[in-house]
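Hi everyone, thanks for making the time. Could you all open the sequence and the 3D view, so we can go through them together?

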Amino acid sequence: MNAKSKPGLLIVDDDPLITDTLHFMLSNDFEVYVAETRKQVKSLLTQLDAPPPLALVDLGLPPAQHKPDEGFALITDLLNHSNTIKILVLSGQNDEANARHARALGAMDFIGKPAEPERIKEALLSALRFDQRAAAPAPAEETSGIVGTSFAMDKLRNQIRLYADAPFPVLIEGESGSGKEMVARSLHQWSKRAGKPYLALNCAAISPTLVEPTLFGYAKGAFTGATQAHSGYFEDARDGTLFLDEIGELPLELQAKLLRVLENGEFQRVGETGSRFSNSRIVAATNRDLRKEVREGRFRGDLYHRLSVFSVHVPALREQDEDKTVLLDHFRAHYAREVGTAPFTLTPEAQRLWLDYHFPGNVRELRNIVIRLTTKYAGQQVGARELEGEFDMDMVNPASIPMPTDAQALQDYAKTHLRSVHGFNLDQIMRQWEKSYVEAALSMTHGNLSQAAKMLGVNRTTLYSRMQTYQND
């Protein structure tokens, strides 16, 4: 296989014996890149023209090799950098809870160590068969590429239609894996700019020192390595759309320059004094609470208000129970057709389990589960036992579960919760509930303390005092 035609593969493991062996065994089929830590991965990704389509990562990485935390964080880092990268976990920390949590975060599959290189190679090649970007309807369809029949998704489609042709910025808010980039693309595709460029930049996936030249371009000799002038995203987007993902990661010093472009379209290339102008439409996205970021001084208030002329909330999958079946049918048919196999089916018990699961990783997690089931059970019936093995049953957020109000229902709820959660801590759970209600009230009142306090039935000073204690969480 020609080196240029080989798919890229990022291997992240701190054991040189493992990385050397895998590099030797897999280099005939993949263009292999190796890193030992999250820091090395971030540095490597900034040097590549495009992220590799595949990653094989260990969970036990420095500086905490005996815990899975660094590996879990790396999965999130990689998906923030590229939401199409296919991640397989290869780890000795292969208890079922770690496997489920890795999948919930967005990993396609989990392989326990030790594993034969041929098995690893087969899993990587299998992952390449699935095109995660092609699973949405064509943009010209009535759905606008947004799948779902729930009220929340109908509202989202209506907002896209309403805001698509407006020239003003749009801020898309939602949890990781909920489909914010699909909304950004739909805003562009449904607008009169559809024939113009659509460019996307992930602010979390680029070194802070490179953000300014990447956005605004640079003159020849502006810095070491600038051997010729280069245009930036604002210039290249021209009259199209510029999507700034993870806008909350943008350094404070660059936020002022972005605000200037949003106000009058004016910007300067790095190393130039003359002004240039951009007529591109800005769409930004974040999984952070930017109002909270503004209150804590990490995001400019004037930039937040300029970006959020129109705001779109992409609902979490737990907010749209009826769409779990719609999305199952959609992805199941798509991936079975893509790889040329018969679709799997679920038993009635498995269907009930599917509807009861809260999908902490949102649509991304659901899609990856369908991919794994398509691979393992093509044309077969999947039972509740097999399906439960794909779920992260330990990743339960009490704030995501509707809380009953009458005494008997509360007791039944508590019994169910105590059975499902390991290492239960009453103080921690009560604190989580309280914090979630406070943050919900602040979100609903757009950060107005007096209104939030009234909504919660406490006085303003009490609310402020409790908010101060959350800063140490």
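**A walk through two sheets**

Let's start in strand 8: Thr-241, Phe-243 and Asp-245 point one way, Leu-242 and Leu-244 point the other way, and all are buried. Before going on, please keep in mind that this is a predicted model. Strand 8 as a whole is mostly covered, with five of its five residues buried. The cut-off here is under 20% relative accessible area.

So who are the partners of strand 8? On one hand there is strand 7, which runs parallel to strand 8 and is joined to it by five bridges. If you want a residue pair to click on, take Leu-201, whose bridge partner in strand 8 is Leu-244. Then there is strand 11, residues 281–286, which pairs with strand 8, residues 241–245, in the parallel sense over four bridges. Here the pair to click on is Leu-242, which stands opposite Ile-282 in strand 11.

Now zoom out to the sheet they belong to. This is an open sheet of five strands, with parallel pairing and the order 7-8-11-6-12. Why do strand 7 and strand 12 each have one side without a neighbour in the sheet? Strand 7 (198–202) and strand 12 (310–313) stand at the edges, and each has a single partner strand, so one side of each is left free of a neighbour in the sheet. From one strand to the next, the twist averages 20°. Helix 6, residues 151–163, packs on this sheet and touches strand 6 (170–173), strand 11 and strand 12. The direction of helix 6 makes about 155° with that of strand 12.

**The other sheet**

Let's move towards the start of the chain. Five strands form an open sheet here, paired in parallel, in the order 2-1-3-4-5. The edges are strand 2 (31–35) and strand 5 (109–112), each with a single partner strand, so one side of each has no neighbour in the sheet. The twist averages 20° from one strand to the next. Within this sheet, strand 3 and strand 4 (residues 86–91) run parallel and are joined by four bridges. Look for Leu-56, which stands opposite Leu-88 in strand 4. Helix 5, residues 117–128, lies across strand 1, strand 3, strand 4 and strand 5, and it runs at about 160° to strand 4.

Leu-56 also brings us to a cavity, since it is one of the residues lining the largest cavity. How many cavities of 30 Å³ or more does the structure hold? It holds one, and the space in the largest cavity is about 30 Å³. Along with Leu-56, the lining includes Ile-11, Val-12, Asp-13, Ile-18, Leu-22, Val-57, Asp-58 and Leu-90. Strand 1 (8–12), helix 1 (16–26) and strand 3 (54–57) each supply at least two of the lining residues. By class, the lining has seven nonpolar residues, two charged ones and no polar ones.

**Backbone details**

A few spots are nice to check in the viewer. Most residues other than glycine have a negative phi, and most peptide bonds are trans. With that in mind, the peptide bond from Pro-62 to Pro-63 is cis, with omega near 10°. Pro-63 sits in the loop between strand 3 and helix 3 (69–81). A cis peptide bond also joins Lys-113 and Pro-114, with omega about -5°, and Pro-114 lies in the loop between strand 5 and helix 5.

As for phi, Arg-238 is not a glycine and has a positive value near 45°. You will find Arg-238 in the loop between helix 9 (233–237) and strand 8, the strand we began with. Asn-362, also no glycine, has a positive phi of about 60° and lies in helix 15, residues 362–376. Is Asn-362 buried or exposed? Asn-362 is buried, at a relative accessible area of 0%.

**One arginine to finish**

My last stop is Arg-269, in the loop between strand 9 (266–267) and strand 10 (276–277). Its relative accessibility is 11%, so Arg-269 counts as buried. What is Arg-269 in contact with, leaving aside its neighbours within four places in sequence? The contacts are Phe-216, Gly-217, Tyr-218, Ala-219, Ala-229, His-230, Ser-231, Glu-235 and Arg-276.

That's my tour, and thanks for listening!

Note on methods: Residues are numbered from 1 along each chain as its sequence is written. This is a predicted model: local features need pLDDT of at least 70, side-chain atom pairs count only at pLDDT 80 or more; totals for chains, interfaces and linings use all residues. Side-chain values use heavy atoms; hydrogens and water are left out. On a 1 Å grid over the protein atoms alone, a cavity is a set of points where a 1.4 Å probe fits but cannot get out, and a pocket is an open set with protein on both sides within 12 Å along at least five of seven lines; lining residues have an atom within 4 Å of a point. Grid points are joined across faces, edges and corners, and a volume is the space filled by probe spheres set on the points. Ala, Val, Leu, Ile, Met, Phe, Trp, Tyr, Cys and Pro count as nonpolar, Asp, Glu, Lys and Arg as charged, and the others, Gly among them, as polar. Two strands pair if DSSP finds at least two bridges between them. Axes are lines fitted to C-alpha atoms, for helices over the stretch in contact, and angles run from 0 to 180 degrees between N-to-C directions. Contact means heavy atoms within 4.5 Å. Buried means under 20% relative accessible area, exposed over 50%, partly exposed in between (1.4 Å probe, protein chains only).
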